[in-house]
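Please open the structure in a viewer and keep the sequence panel in sight. The stops below are meant to be selected in turn.

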Amino acid sequence: GQTAFYGTLAQRLHSSPRAVGRGVGSNPLPLLLPCHRVVAVTGLGGYSAPGGVASKEWLLAWERHWAPTCSWERGRPARKMARGTRQTGETPAPPGV
């Protein structure tokens, strides 16, 4: 998935970045509806799911690590890694570990 800035989404919705933040902050299914991908221009921004910003940081790191090797559309591993990427074999540790 791709990350997006609060301000960019606000412009598309003819709204404000704070309103976007309130909207993603009230997301009842943060893992299914990937609100962790909405970030601030100056950093990660907030995250209302359990674990807070540490969870948001972990999810983004996990996706950066696994996205080149997974085919999310089909739900199974891709046959090849994306060109220009490498797999380190290290999986990011979950928050608090």
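**Overall view**

Begin with the whole protein chain, displayed as a cartoon. In this predicted model, residues 24 or more positions apart account for 41% of the contacts with a separation of 6 or more. The chain contains three helices and four strands, and their order along the sequence is β-α-α-β-α-β-β. Colouring by relative accessibility gives a further overview: 24% of the 97 residues count as buried.

**First stop: H1 and H2**

Select helix H1 (6-13) together with helix H2 (17-25). The two pack with their axes 8 Å apart and at an angle of about 100 degrees. Angles of 65 to 115 degrees count as roughly perpendicular, and H1 and H2 are therefore roughly perpendicular to each other. To see the contact itself, display the side chains of Tyr6, Leu9, Ala10 and Leu13 along with Gly7 on H1, and on H2 those of Pro17, Val20 and Val24 along with Gly21. By class, the residues of this contact comprise seven nonpolar, two polar and no charged.

**Second stop: the loop at His14**

Move next to the loop between H1 and H2, where His14 is found. Its backbone merits inspection: His14 is not a glycine, yet its phi is positive, at about 55 degrees. Is this residue buried or exposed? The threshold for exposed is over 50% relative accessible area; His14, at 76% relative accessibility, therefore counts as exposed.

**Third stop: the nonpolar core**

Now select Tyr6, Ala10, Val20, Val24, Cys35, Val38, Ala40, Tyr47, Ala49 and Leu59, the ten residues of the largest nonpolar core. H1 and H2 each supply at least two residues of this core. In soluble globular proteins, nonpolar side chains tend to be buried together. Within this selection, centre the view on Ala40, one of the core residues. Apart from neighbours within four places in sequence, Ala40 is in contact with Phe5, Tyr6 and Gly45.

**Last stop: H3**

Finally, select residues 52-66, which form helix H3. This helix has 15 residues, and the distance from its first C-alpha to its last is 21 Å, close to the 21 Å expected at 1.5 Å a residue. Which residues of H3 are buried? They are Gly52, Ser55, Lys56, Leu59, Leu60, Glu63 and His65. Adding H1 and strand E2 (38-39) to the display shows what the buried residues of H3 pack against. Leu59 links this stop to the previous one, being buried in H3 and also part of the largest nonpolar core.

Terms used
Residues are numbered from 1 along each chain as its sequence is written. This is a predicted model: local features need pLDDT of at least 70, side-chain atom pairs count only at pLDDT 80 or more; totals for chains, interfaces and linings use all residues. Side-chain values use heavy atoms; hydrogens and water are left out. A nonpolar core is a set of buried Ala, Val, Leu, Ile, Met, Phe, Trp, Tyr and Cys residues joined through side-chain atoms within 4.5 Å. Buried means under 20% relative accessible area, exposed over 50%, partly exposed in between (1.4 Å probe, protein chains only). Contact means heavy atoms within 4.5 Å. Axes are lines fitted to C-alpha atoms, for helices over the stretch in contact, and angles run from 0 to 180 degrees between N-to-C directions. Angles under 35 degrees count as roughly parallel, over 145 as roughly antiparallel, 65 to 115 as roughly perpendicular and the rest as oblique. Ala, Val, Leu, Ile, Met, Phe, Trp, Tyr, Cys and Pro count as nonpolar, Asp, Glu, Lys and Arg as charged, and the others, Gly among them, as polar. The expected span of a helix is 1.5 Å times one less than its number of residues.
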